[in-house]
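Please walk through the chain shown below, moving from one helix to its partners and then to the core and the loops.

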Amino acid sequence: MSTRKRLVVFSGGSAANNLIEVFKTLCENRTRGLDFILPISDNGGSTSEILRVFGGPGIGDVRSRLIRLVPEDPDDEELVAIKCLLNHRLQSSNTEARIEWLELVEGTHQLWTGISSEKRELLRSFFNVVNLELIKRQRPTSSFNFQAASTGNLFLTGARIFFGSFESAIYLFRSITGVSENIHVIPAINSNFAHHIAAGLADGSTIVGQNQISHPSPVEPVSLPSEISAENENTASSSSSEEDGYTYSDGDLHEDANLPGSLAELRQRNIAFSKFDERELPSRIERVWYINPYGQEIRPPVNPKVLAAIEQAEAIMYSIGSLYTSLVPCLVLRNIRRALLSTPAKVPKILLLNGSHDRETGPGSSSFTASDFIRAIVRACSASSETPLTEWRKYVTHLIYLEGNGAPRVDIGELRMAGIEPIRVYGRRHPGGDGRGMLYDPVPLLQTLDAVMGRSGKSRPETRRNTVDGTTNTLDIR
């Protein structure tokens, strides 16, 4: 990694993708590097099927970010074709999707049009790696479901399996698509294995798996075991039986990428889910932690490259997105606290507050305020629920926020007591209507971030409301 100063952005998937151009502009002169730290705990959509059959890290957020970082050059027809190929999803019917997949593997799909033979065969070779593995893992009672599968996810999976390294697969993706050398996408955990999370609610219940926390399928909360019973390790169990706190499902009767006795909630298919029709949680999320396949709490170490990025950081940013399934999984890892506390005082740690609420920051009767967002980040970083208000600034120094139409409420007085500087920026109403929140305008947001980073370590005067016309130069950002 370069020794140049870096902008380090903790973020997740789709929401933060809409800020990519803002972040890139802050680093466009190449004197400043840009590092995106992303979780690998995704287990929804087509990623869930890859995890079930191949295992490995949840790659959906990483693939999504890499695609958004591919340079936009309409004159480079081959690059446009490669981006379309790696950003494609197969048909929504498993039967039709499987036929389409074979066309990709055989090189006859129309998506190969415009891609030179040498690059076509390079890309196709990793699709063939996946296809060969699928044939080897095929069973009469269990086969891969290609429904709406992401070709980018399948390419990264093939490359990971071939190299034996997720980081090498990311490097290959970046190299083929021409992602700028001063931009890096760094998995929060450097691993070839799956890592899952669980959430504890205020009512004492637990939700297992990122997909169930944020965009649930119809599975009820479960109680997790606190220890493994030795006599339970080699016990055969019938379908849907329960012993010593573990639930065994039909999955235990078939070979897949999961350890025998793994929680049924972690080996199910979550291909179909909605990001818009979300049921409210029965009570607030109190904390999120990692679990092993049997449901026990673990605390994996953070990727050493994340620590190196933080050490070189000119600014650290907690981006918009899902609080408990995008940000927190990156912050509860071992050694993150020490790294953040070791940064010079002049390095700003900026929270870009969401412009609206989602399932994770509810329920509606008790929606999160800005202070609640910060409290969750501080608790994740410090691994303590007792961090006093006066120490919040060690983890968050600035809060950038929107106001109105259902955006999270900001208690200016409490933030200033904590030594956190609140900065209101101009935004526009969400097109969904009343109460749906606000959207960031990239122009004032860019100006504000540039000012904060340029004045890091210095006091900043009260920021007036920016009057840039919100009908132009806008991005759809929640």
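Helix α5 is mostly covered, with seven of its ten residues buried. The model is a predicted one. The buried residues of α5 are E78, L79, A81, I82, K83, L85 and L86, a list that takes in the charged residues E78 and K83. These buried residues pack against α4 (60–69), α6 (94–106), α7, α8 and α9.

Among those partners, take α7 next. The axes of α5 (residues 77–86) and α7 (residues 117–137) come within 12 Å and cross at roughly 10°. Angles under 35 degrees count as roughly parallel, and α5 and α7 are therefore roughly parallel to each other. On the α5 side the contact involves E78, I82 and L85, which meet K119, L123 and F127 of α7. By class, the contact has four nonpolar and two charged residues, and no polar ones. An α-helix has 3.6 residues a turn, so residues three or four places apart point the same way. The contact residues of α5 are E78, I82 and L85, and those of α7 are K119, L123 and F127.

Helix α8, another partner of the buried residues of α5, also packs against α9 and α3. Helix α8 (residues 151–163) and helix α9 (residues 166–177) pack at an angle of about 125°, their axes 8 Å apart. An angle of this kind falls outside the ranges for roughly parallel, roughly antiparallel and roughly perpendicular, and α8 and α9 are therefore oblique to each other. Their crossing is right-handed. From α8 the contact draws on F155, L156, A159, R160 and F163, and from α9 on F166, S168, A169, I170, L172, F173 and I176. Ten of the contact residues are nonpolar, one is polar and one is charged.

With helix α3 (residues 46–54), α8 packs at an angle of about 25°, and the axes are 11 Å apart. That makes α3 roughly parallel to α8. The crossing of α3 and α8 is right-handed. Here α3 contributes S46, T47, I50 and F54, while α8 contributes N153, L154, T157, R160 and I161. By class, the contact of α3 with α8 has four nonpolar, four polar and one charged residues. R160 of α8 takes part in the contact with α9 and in the contact with α3.

What of the chain as a whole? The secondary structure comes to 16 helices and 15 strands. Of the 478 residues, 55% count as buried. Among contacts between residues at least 6 apart in sequence, 75% join residues at least 24 apart.

In soluble globular proteins, nonpolar side chains tend to be buried together. In this chain the largest nonpolar core has 124 residues, and those with the most contacts inside it are L7, F10, W101, Y318 and L352. Helix α14 (residues 370–382) gives the most to this core, with eight residues. A second, separate core has six residues, including A198, V208, L263 and L266.

W101 can be followed to its surroundings. Leaving aside its neighbours within four places in sequence, W101 is in contact with L90, F127, V130, N131, L134, F146 and L154. Two of these residues appear in the helix contacts described above: F127 in the contact of α5 with α7, and L154 in the contact of α3 with α8.

Which residues does S11 touch, beyond those up to four places away in sequence? They are A16, F36, I37, L38, P39, R65, S319, S326 and L327. S11 itself sits in the loop between β1 (6–10) and α1 (14–17). With a relative accessible area of 0%, S11 is buried. S11 and F36 are 25 residues apart in sequence, and their C-alpha atoms are 6.9 Å apart in space.

Two alanines in other loops deserve a look for their backbone. A148 lies in the loop between α7 and α8 and has a positive phi of about 55° although it is not a glycine. At 25% relative accessibility, A148 counts as partly exposed. A383 is in the loop between α14 and β12 (398–401). Its phi is near 60°, a positive value in a residue other than glycine. A383 counts as exposed, at 54% relative accessibility; the cut-off for exposed is over 50%.

How values were computed:
Residues are numbered from 1 along each chain as its sequence is written. This is a predicted model: local features need pLDDT of at least 70, side-chain atom pairs count only at pLDDT 80 or more; totals for chains, interfaces and linings use all residues. Side-chain values use heavy atoms; hydrogens and water are left out. A nonpolar core is a set of buried Ala, Val, Leu, Ile, Met, Phe, Trp, Tyr and Cys residues joined through side-chain atoms within 4.5 Å. Buried means under 20% relative accessible area, exposed over 50%, partly exposed in between (1.4 Å probe, protein chains only). Helices (H or I, at least four residues) and strands (E, at least two) are DSSP runs, numbered from the N terminus. Contact means heavy atoms within 4.5 Å. Axes are lines fitted to C-alpha atoms, for helices over the stretch in contact, and angles run from 0 to 180 degrees between N-to-C directions. Angles under 35 degrees count as roughly parallel, over 145 as roughly antiparallel, 65 to 115 as roughly perpendicular and the rest as oblique. A crossing is left-handed if the near helix is turned anticlockwise from the far one by less than a right angle, and right-handed if clockwise.
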